[in-house]
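Trainee: I would like a close look at a single part of this model, the open sheet in the second chain. Please take me through its strands and then through what surrounds it.

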Amino acid sequence: MSFGPKAWIQQHWDARAALNFMLGGSGAGLLIAAALAYPASRVPVLVGLGLIAAGLGAVWLEIGRKLRAINVFVNPFTSWMTRESFAAVLVFALGAAALWQPQLFLPAAAGAALAFVFCQGQILRASKGIPAWRAPQVVLLIVSTSLAEGAGLCLMFTTTPLLLTWFGLALVLRGFAWTRYAAAVKNPALVDPAKALLQIGTVGALAFAILGYWVTGAAELAGAAAILTGLWLKFALVTRASLNQGFDLPRLPVRGAR
Amino acid sequence: MTRWAMVADLRRCVGCQTCTAACKQTNETPPGVQWRRVLDMEVGEYPDVRRAFVPVGCMHCDDPPCMHVCPSTATKKRADGIVTIDYDLCIGCAYCAVACPYQARYKSDADALRPNVATKCTFCVERIDAGLAKGLKPGVDPEATPACVNSCIANALHFGDVEDASSNISELLAENQHFRMHEELGTGPRFYYLWDKAQ
């Protein structure tokens, strides 16, 4: 047993940063789901853009020098945060165009949304000081939760068979991504959210999604289960599981050696 | 090519925190911000317990993750290896703070000189530059040496050019066994810990 400054939960990114991953991810996922399964409507596009804007607004509230936020665009060469910002600009530009001509611009907006969530995953992966974030498996986890939550949100607007199928696939992918991530990262703060994600958000949601082919309201319940469990997992990942690296002495000083 | 580095002799450090105080005074850091700190670590189980005092801070890594993630390019690395922060560019997003595996970065609204931006140990870069301009040798001449090194009562902290084979710290590293913290992460920290004499 060792005593000394042990790893502690990072205090730099709180719920405001988590909201960017939660709302931004869901909004981006909604744009993707809408492009695939509900391209005729403008409402999901509007909601998706609103969620992404809310997430970015939340993280803006966290930065120390808010009036300098424009500097976030300066380093696309190595910073995934800059790349996320560029992807966000693209999402808003193409999303606005999709509000005008959904059939024409929504697929491109969905592509930008996918890039946006990929950048979010890479932001965590590049955080070398946080073992639970820097695992390479975190990228697929973040992307898949976004797809599943977005598809779940889209179920609130329509329940076409194509959308239900996409939702099911996204849930399976998210379950697989979590299993892969959990095999690499053991973190007690994620145990409860992970149980909820797998039992309620995956198995339960899949069962309700299948019911949704015949029973009215079941698909919406499945969507809600997938959304809430996904959001809880991401919130826990950013704010509760974010133990830092701590300090380590591979060798102890040999006293009296000089 | 000059490459500044610091050496801490763990056999000599007594955990007096004089370096911490000297750093705070020199750099005017606010309460709760310690660019240089000394950890008090106990290792083992009774009755075989060992204690070590471990100075930590920014390691001025060869491949600093804080620099790569910085969206504003406020964090830069000089040719002499010192990692710097441009306080006028920094947006205070703290991405660098979560990217640093050494918990070396701070952001404080109580910092009168650098409010709400990322801060960390600079190796007292102003002292080094001013000293070099006067023809002094950092690590040897106190006026050109980081404040923490100057203040060390046990001669545990040393500073110098690790690329110069005849420098004070190159000689220390040759004469002693040493390690760098979290070396497995591949950041190439420029802060060496001496733990035993060379075999």
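Mentor: What follows starts with the sheet, moves to the loops of the same chain, and ends with the other chain.

Keep in mind throughout that this is a predicted model.

The sheet in chain B is open and has 4 strands, in the order S8-S1-S10-S9, with mixed pairing. Its edge strands are S8 (157-161) and S9, each of which pairs on one side only. From one strand to the next the twist averages 35°.

Strand S10 of chain B, residues 191-197, is a good place to begin. Of its 7 residues, 5 are buried, so the strand is mostly covered; the cut-off for buried is 20 or more other C-beta atoms within 10 Å. S10(B) is joined to strand S1 of chain B, residues 4-9, by 4 bridges, and these two strands run parallel. Within that pairing, B:Val7 stands opposite B:Tyr192, and B:Ala8 stands opposite B:Tyr193. In a regular strand, side chains alternate between the two faces of the sheet. S10(B) is also joined by 4 bridges to strand S9 of chain B, residues 176-179, but here the run is antiparallel. B:Asn176 is the residue opposite B:Lys197 of S10(B).

A helix belongs in this picture too. Helix H6 of chain B, residues 168-175, lies across S1, S8, S9 and S10 of chain B. Its direction is at about 115° to S8(B).

Next come the loops of chain B. The loop between S9 and S10 holds B:His182. Phi of B:His182 is near 50°, which is a positive value in a residue other than glycine. B:His182 counts as partly exposed because it has 19 C-beta neighbours inside 10 Å, and buried begins at 20.

B:Cys124 can be set beside it. Its phi is also near 50°, again positive in a residue other than glycine. B:Cys124 sits in the loop between strand S7 (118-119) and helix H4 (125-133) of chain B. With 26 other C-beta atoms within 10 Å, B:Cys124 is buried.

Another backbone feature is a cis peptide bond, from B:Tyr46 to B:Pro47, with omega near 5°. B:Pro47 is in the loop between strand S2 (37-45) and strand S3 (48-56) of chain B.

That leaves the other chain. In chain A, 39 residues are in contact with 42 residues of chain B. Strand S1 (2-3) and helix H3 (80-100) of chain A each supply at least two residues of the side that touches chain B. That side of chain A divides into 18 nonpolar, 14 polar and 7 charged residues.

Chain A also has a helix pair to look at. Helix H7 (residues 161-184) and helix H8 (residues 191-211) of chain A pack at an angle of about 160°, with axes 10 Å apart. H7(A) and H8(A) are therefore roughly antiparallel, the cut-off for which is over 145 degrees. The crossing of H7(A) past H8(A) is left-handed. On the H7(A) side the contact includes A:Leu164, A:Phe167, A:Leu171 and A:Trp178, and on the H8(A) side it includes A:Leu197, A:Leu198 and A:Leu206. By class, this contact of H7(A) with H8(A) has 11 nonpolar, 3 polar and 1 charged residues.

Notes
Residues are numbered from 1 along each chain as its sequence is written. Chains are lettered from A and ligands numbered from 1 in the order in which they are written. This is a predicted model: local features need pLDDT of at least 70, side-chain atom pairs count only at pLDDT 80 or more; totals for chains, interfaces and linings use all residues. Axes are lines fitted to C-alpha atoms, for helices over the stretch in contact, and angles run from 0 to 180 degrees between N-to-C directions. Angles under 35 degrees count as roughly parallel, over 145 as roughly antiparallel, 65 to 115 as roughly perpendicular and the rest as oblique. A crossing is left-handed if the near helix is turned anticlockwise from the far one by less than a right angle, and right-handed if clockwise. Two residues are in contact if their C-beta atoms, placed from the backbone, lie within 7 Å. Ala, Val, Leu, Ile, Met, Phe, Trp, Tyr, Cys and Pro count as nonpolar, Asp, Glu, Lys and Arg as charged, and the others, Gly among them, as polar. A residue is buried if 20 or more other C-beta atoms lie within 10 Å of its own, exposed if 12 or fewer, and partly exposed in between; C-beta atoms are placed from the backbone. Two strands pair if DSSP finds at least two bridges between them.
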